[in-house]
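Me: I'm new to this one and would like a close look at a single part, with a word on what surrounds that part. Could you walk me through the structure below?

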Amino acid sequence: MSRSSFYHPDTIALHSGYTPESDHGSRAVPIYQTTSYVFESVDQASSLFNVEQGGHIYSRISNPTVAVLEQRIAALEGGTGAICTASGMSALFTTFITLCSSGDHIVSSAQIYGSTATLLRHTLKRLGIDTTFVAINDKQALEQAIQPNTKLVFCESIGNPGLEVANLPQISELANIHGIPVVVDATFATPALCRPIDFGANVVVHSITKWMGGHGAAIGGAIVDGGNFDWEMSGRFPELTEPYEPFHGIKFWEEFGPNALAMKIRSESMRDLGACLSPNNAFLILQGIETLNMRMQQHLANTKALIEWLKGQDEVAWVNHPDLEENASHEIAKKLFSQGGGSMLCFGVVGGRAGGAAFIDALQLASHLANVGDSRTLVLHPGSTTHSRLTTEAMQAAGISEDLIRVSVGLENIKDIQNDFAAGLKAAKRLLKQQGSAQ
Amino acid sequence: MKLNVNGAEIHVATGGKEFDSSLSTVLFLHGSGLDHRAWALQTRWFAYNGYSVLAPAFPGHSLSGGNALSSIEESGAWLIDFLAAAGVDTVHVVGHSQGFLSGLELAAQKPAVLKSLTGVGTAAAIPVNPMLIETAQKSAIKAAEMMLQWGFGSNAHMGISATPGMQPIAIGHKIMSSNPLAIDLQCCADYLGGETALAMINVPTAMILGGQDKMTPLKTGKLVAQTLKAKLTVLEDYGHMLPIEAPKQVLSALREFIVSVEQ
C-alpha cells in the first residue's frame with residue numbers, strides 16, 4: 001500500500017480524490033473555474049474561516065479541481081497531504097519560506113536545478129536565509145554543514161543536470177538525528193519510479209509541469225507532506241508547535257499532527273503568497289497523471305535503448321545516466337530506482353562546446369528548449385542556458401561540463417530518435433573536421 | 001493543554017480556545033490507536049460556540065505521557081480522575097468506537113457526571129478478531145493497515161477527503177502505527193460490561209453510525225440506539241472512522257443533538 005490508499009498506483013492515478021459528482025455524474029474531474037464559493041450561512045462561513053471544518057473559501061487557498069490533483073499526488077507519493085502551486089519553483093519557495101525565517105539556514109545539495117540554486121544563493125539570501133551547498137552524498141560534509149539554525153536539508157532525488165542520485169536513506173537518517181527535515185525535489189523521478197518518503201524523506205516537491213503532466217501544456221508544482229517528521233521533538237519549528245496568532249493561536253502540530261505542515265502551508269503560505277495553481281492547469285495535469293506509470297515505462301525503455309546506441313557512437317565522448325556503472329551514484333540508484341533511473345541522460349559530443357552546439361542545431365525531431373519531462377524528446381545545453389548564471393566553480397560543483405548535452409528522452413519511436421541524433425552527431429563531426437582542416 | 005492525571009502528563013485538545021470549566025463541557029473520547037486529533041474537525045466548532053472542550057489523548061497515546069490503560073473499566077475510572085483534574089463536574093460525553101465503551105464505563109462508575117452520551121461508529125461490545133490483536137502485538141504498522149483497510153468507507157479509499165488536499169488514510173496510518181494499538185484492541189475484546197452500563201444510562205443519548213462500518217456493523221450500533229432510545233443518525237456512505245471521514249456530517253449531528261439537550 002501507499003499508506004494513503006490500498007489501491008495500486010495505476011488505479012490511484014486514475015481515481016484517487018474524485019468520485020462522480022452527484023449533480024451530473026461527470027466521469028471526468030470537472031473544472032471548477034471559480035474564484036469563490038457561496039457560503040451556506042454566516043455560521044458556516046465563520047466555521048470555514050476558523051478551520052472548524054474543511055471546505056473551500058477562495059481559489060487562491062483551495063479549489064475543488066486542484067484538491068483532486070492534490071489528493072491524487074499525495075496518494076501516489078504516500079503522503080498525508082499535498083498542496084499544489086503555480087509552478088515547481090513556487091512549490092520550492094513556498095516550502096522554504098514556510099519552514100525558514102530570516103536568520104535561518106539551509107543545507108542543500110550542490111547538484112540542483114540552476115533556478116533553485118539561484119533562489120537559494122541569491123533570493124533567499126536577500127531575505128536573510130543562508131544556504132550551504134555540499135556534495136549531498138558525502139556524509140561527513142553534510143554533517144559538518146549542519147548548524148544550530150539549520151531548518152532543512154534539500155536535495156533532488158536525481159540531481160539536475162549531473163544525474164547524481166541522492167542517497168536518501170543516509171541523508172534522511174543523518175538530518176533527522178539532528179531534528180531537521182529533508183525536502184526532496186522528486187521531479188525527475190515521479191512517484192512511478194521512486195517515492196522519497198519510503199526512503200525517509202519528509203517533504204517531497206515536484207514540478208508537475210514535467211513528467212507528471214507529461215504533455216508540456218501546463219505549468220504547476222506540488223508539495224507533499226510525508227507526515228513522518230516530529231516537529232515538536234525537533235525543537236526547531238516553533239511556527240508549527242507554538243500558537244499561530246492569525247488563526248486564534250492554533251497550534252498546527254497539536255491539532256493536525258501528521259499533516260501539520262500541509263495545513264500550515266494551506267493556511268498561511270497559500271493565503272499570503274498567492275502562488276495558486278489554476279483549476280484549468282490542474283485539470284490538464286490530471287489528464288497526464290492518469291497515464292503516468294505507462295508513460296514512465298516507455299520513457300525508461302527509450303532511455304535504455306538510446307543510452308546503448310549513444311555508447312556505440314564514435315562522436316560521443318561520454319554518456320551519463322544513473323543506470324550506468326560510470327555514474328558515481330549507480331549503486332544508490334540500484335536501490336532507490338529498481339525499475340530504472342529516469343529518462344534524463346547527459347552526454348558529451350566530441351568537439352566540446354562548439355560540437356555540442358552543432359549537434360543541437362542539426363536536430364529536426366528533438367526540441368531545443370528549457371524544459372524536461374515532456375512526452376517529446378527535448379535537448380538543452382545547460383552551460384549556455386539554465387545554468388548560465390552560475391560561476392565556473394559552481395557549475396563544476398553541480399557536475400556540469402561545457403560539452404554537456406542534457407536529453408529528456410521522449411516517447412517517440414526510438415528509431416526516429418536515434419536517426420535524429422545521428423544527424424546531430426554527423427554535424428558535430430563535420431564541424432570537428434572543418435576545425436581540423438582550418439588549423 | 002496539559003493536565004497531570006495520576007502522575008502522568010496528559011495532552012488535552014481544547015478546540016483552539018482556553019479551557020473554561022464554567023462553561024458547559026463536551027468530552028470527546030477517541031477510539032483504538034487514535035488520539036485527540038480524530039476530533040480535530042468537531043472540537044473547534046464547540047469551543048468557538050459557547051462550549052468548553054476536552055479531547056484528551058488517552059495515556060500512552062501520541063502526545064500524552066503515562067502507560068496505556070489495560071481495560072475499559074480502568075479507562076472509566078481514569079476518566080473520573082481526569083475530569084476531577086480538569087475541575088469539571090458534568091459533561092456531554094462523545095465517544096468514537098472504543099471511546100464510547102470508555103464513556104459507557106464512566107457512566108456506570110459515576111452516572112452523575114453525564115449530561116448526555118453520544119456514540120459514534122460504535123456498539124455496546126466490540127469483539128476483535130484474535131488474529132488482529134496478535135498482528136498488533138507483533139507490528140502496530142501492519143495492524144494499523146488492516147484496521148484502516150476495514151475501518152474507512154469506500155469514499156476514503158478512493159482518496160476523497162473532507163479537508164482539501166489531505167489523505168485521511170495516511171494520517172490515520174501515521175497516528176495508529178505509533179500508538180499502543182494491541183493494548184487498545186485487547187481492551188475492546190475483553191470488555192463485557194456494555195449491556196450492564198447501557199441499563200444505567202438515564203440521560204439523553206444519540207448514536208451516529210456508518211452504513212459501511214465493518215468494524216462495528218450498523219446493526220450492532222442500531223441495537224444500542226434501540227436500547228437507549230437514542231437519537232439515531234445513519235451516514236450511509238461512510239465506514240467506521242466517522243469523525244475523520246465524515247467530519248462535517250458528524251459535527252452536524254453532534255451540534256443538533258447537544259444544542260437541543262442544552263436547550
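In what order do the strands of the open sheet in chain A come, and what is the pairing?

Reply: Before we start, bear in mind that this is a predicted model. The sheet you're asking about is an open one in chain A, built from seven strands. Going across, the order is β1-β7-β6-β5-β4-β2-β3, and the pairing is mixed. As for pairing in general, strands of a sheet are held together through backbone hydrogen bonds, and they can run parallel or antiparallel.

Now look at the edges. That's where you'll find β1 (81–85) and β3 (130–134) of chain A. Each has a single partner strand, so one side of each has no neighbour in the sheet. The sheet also has some twist to it: on average, neighbouring strands are turned by 20° against each other, ignoring direction.

Let's zoom in on one pair. Strand β5 (residues 182–185) and strand β6 (residues 203–207) of chain A run parallel, and three bridges join them. If you want a spot to click on, try A:Val183, which sits opposite A:Val203 in β6(A).

Next, the helices lying against these strands. Helix α7 (residues 168–177) of chain A packs on the sheet, where it touches β4 (150–156) and β5 of chain A. Its direction makes about 150° with that of β5(A). Then there's helix α3 (residues 64–77) of chain A, which lies across β1, β6 and β7 (221–225) of chain A. Helix α3 of chain A runs at about 130° to β1(A).

Stepping back, the domain assignment splits chain A into domain 1 (9–289) and domain 2 (292–438). Taken over C-alpha atoms, the centres of these two domains of chain A are 30 Å apart. Where they meet, 34 residues of domain 1 of chain A are in contact with 36 residues of domain 2 of chain A. On the domain 1 side, α1 (9–15), α5 (114–126), α8 (190–193) and α13 (279–289) of chain A each supply at least two residues. By class, that side of domain 1 of chain A has 19 nonpolar, twelve polar and three charged residues.

Chain A has a partner too: 43 of its residues are in contact with 32 residues of chain B. Among the chain B elements giving two or more residues to that contact are α1 (40–47) and α12 (247–262). The largest share of the chain B side comes from α7(B), with six residues. In all, the side of chain B that touches chain A divides into 17 nonpolar, ten polar and five charged residues.

Note on methods
Residues are numbered from 1 along each chain as its sequence is written. Chains are lettered from A and ligands numbered from 1 in the order in which they are written. This is a predicted model: local features need pLDDT of at least 70, side-chain atom pairs count only at pLDDT 80 or more; totals for chains, interfaces and linings use all residues. Domain bounds come from an automatic or database domain assignment. Two residues are in contact if their C-beta atoms, placed from the backbone, lie within 7 Å. Helices (H or I, at least four residues) and strands (E, at least two) are DSSP runs, numbered from the N terminus. Ala, Val, Leu, Ile, Met, Phe, Trp, Tyr, Cys and Pro count as nonpolar, Asp, Glu, Lys and Arg as charged, and the others, Gly among them, as polar. Two strands pair if DSSP finds at least two bridges between them. Axes are lines fitted to C-alpha atoms, for helices over the stretch in contact, and angles run from 0 to 180 degrees between N-to-C directions.
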